[in-house]
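This report describes selected local features of one protein model. The sequence and coordinates are shown first, and the description follows.

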Amino acid sequence: MSTTETIEDFYQKKFNFLPENLQNGVGHFNVFRLEDCLRDDNKQMSYNRRDFYKIALNRGHNIYHYADKSIEINGTALIFFNPLVPYTWELASGTKADVTGFFCIFTEAFFTEKIRGNISDLPMFAPGGKPAYVLDEKQDAHVASIFLKMLEEINTDYIYKYDLLRNYVTEITHFALKTQPSEALFKHPDANSRITSVFTELLERQFPIETTSQRFTMRSAKDYAGQLAIHVNHLNRAIKETTGKTTTHYITERLLSEAKALLKHTDWNISEIGYCLGFEEPTHFNNFFKKLTNHTPTSYRIV
């Protein structure tokens with residue numbers, strides 16, 4: 001399984017060098033024209049998590065694979081990527097020469113070292129939030145103008161340029177939110193919805209499993225209820241009323257998804273995978289997997 005791509009990996013893959021200021025302080029920011037970063041080869045961008053945030057203005061006919069969803073957009077899209085969710089994109093038609101736009105990358109510390117609050121609280125960066133916004137011609141021009149300001153500012157010697165760049169990023173996020181009707185801005189309509197959202201975030205924080213020493217430990221509804229300081233029956237009712245699914249179903253579904261990924265994309269043995277997923281005995285993992293898929297872990301791996 002691919003591990004999380006670091007910001008150092010990004011620079012080495014795209015440009016074969018590391019910028020001198022990468023380690024100057026904790027936060028980092030940079031901005032690029034998309035066409036300057038697309039190579040002529042046909043190698044597809046890897047599908048994995050990055051340890052940095054990314055905002056992209058992409059033009060063309062593309063398919064974006066984000067978490068467990070795929071979004072096809074023919075035109076201009078403003079897309080927000082966060083470190084919690086794996087993603088990639090591919091051409092749906094045309095060539096790389098048809099793809100234009102801009103993107104910026106930044107670490108969480110780029111914001112938190114100057115601004116109170118958490119950028120992941122914004123709807124486009126929150127787990128389960130809306131990452132893609134389709135823009136019309138006028139909106140495209142407006143967002144492009146902000147990216148052009150970033151490109152101009154990043155090369156200046158202005159002592160407060162990163163404060164200004166931070167404001168440009170904030171302006172883009174709020175522009176995206178304003179394109180949606182107020183009722184569509186992922187507000188939580190009630191307490192049950194809020195509980196479900198936090199439960200989902202707690203669940204996703206435990207993935208991906210990237211080493212054999214990592215372990216999935218919060219495996220029951222009671223574990224999550226304890227973290228949320230509510231009774232387990234309250235948690236179960238909230239999730240059921242909000243989604244129609246049980247808490248156990250959600251946990252099991254996510255656990256099975258990770259098990260399949262580990263079986264297909266790692267060379268770890270079955271015992272190691274079972275242990276990482278919280279099963280004390282290999283037989284328990286085998287029984288769990290076969291019950292849900294009608295395959296043993298070994299047979300699924302070789303299919």
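Is Tyr 158 buried, partly exposed or exposed? In this predicted model, Tyr 158 has a relative accessible area of 43% and is partly exposed, because the partly exposed class lies between the limits of 20% and 50%. The residue is placed in the loop that runs between helix H3 (137–154) and helix H4 (161–178). Together with Ile 159 and Tyr 160, Tyr 158 makes a nonpolar surface patch of about 370 Å².

Two further loop residues have notable backbone geometry. Pro 208 is located between helix H5 (191–204) and H6, and the peptide bond joining Phe 207 to Pro 208 is cis, with omega at about 0 degrees. Asn 294, a residue other than glycine, has a positive phi near 65 degrees. Its loop connects helix H10 (282–293) and helix H11 (297–302).

The two tyrosine and asparagine positions discussed above have these accessibilities.

| Residue | Relative accessible area | Class |
|---|---|---|
| Tyr 158 | 43% | partly exposed |
| Asn 294 | 67% | exposed |

The helix pair H6 and H7 is considered next. Two packed helices are described by the angle between their axes and the distance between the axes. For helix H6 (residues 221–228) and helix H7 (residues 232–243), the axes come within 8 Å and cross at roughly 100 degrees. Since angles of 65 to 115 degrees count as roughly perpendicular, H6 and H7 are therefore roughly perpendicular to each other. On the H6 side, Ala 221, Lys 222, Tyr 224, Ala 225 and Leu 228 take part in the contact, and they meet Val 232, Leu 235 and Asn 236 of H7.

Notes:
Residues numbered from 1 in each chain as written. Predicted model: local features only at pLDDT ≥ 70, side-chain atom pairs only at ≥ 80, totals over all residues. Heavy atoms only, no water. Patch = residues over 30% accessible without salt bridge, like charges linked within 9 Å, V, L, I, M, F, W, Y side chains within 5 Å. Areas by Shrake-Rupley, 256 points an atom, 1.4 Å probe, with all protein chains shown as cover. Salt bridge = Lys/Arg side-chain N within 4 Å of Asp/Glu carboxyl O. Helix = DSSP H or I, 4+ residues; strand = E, 2+ residues; numbered from the N terminus. Buried < 20%, exposed > 50% of the residue type's maximum accessible area, 1.4 Å probe, protein only. Axes fitted to C-alpha atoms, helices over the stretch in contact; angles between N-to-C directions. Parallel < 35°, antiparallel > 145°, perpendicular 65-115°, else oblique. Contact = heavy atoms within 4.5 Å.
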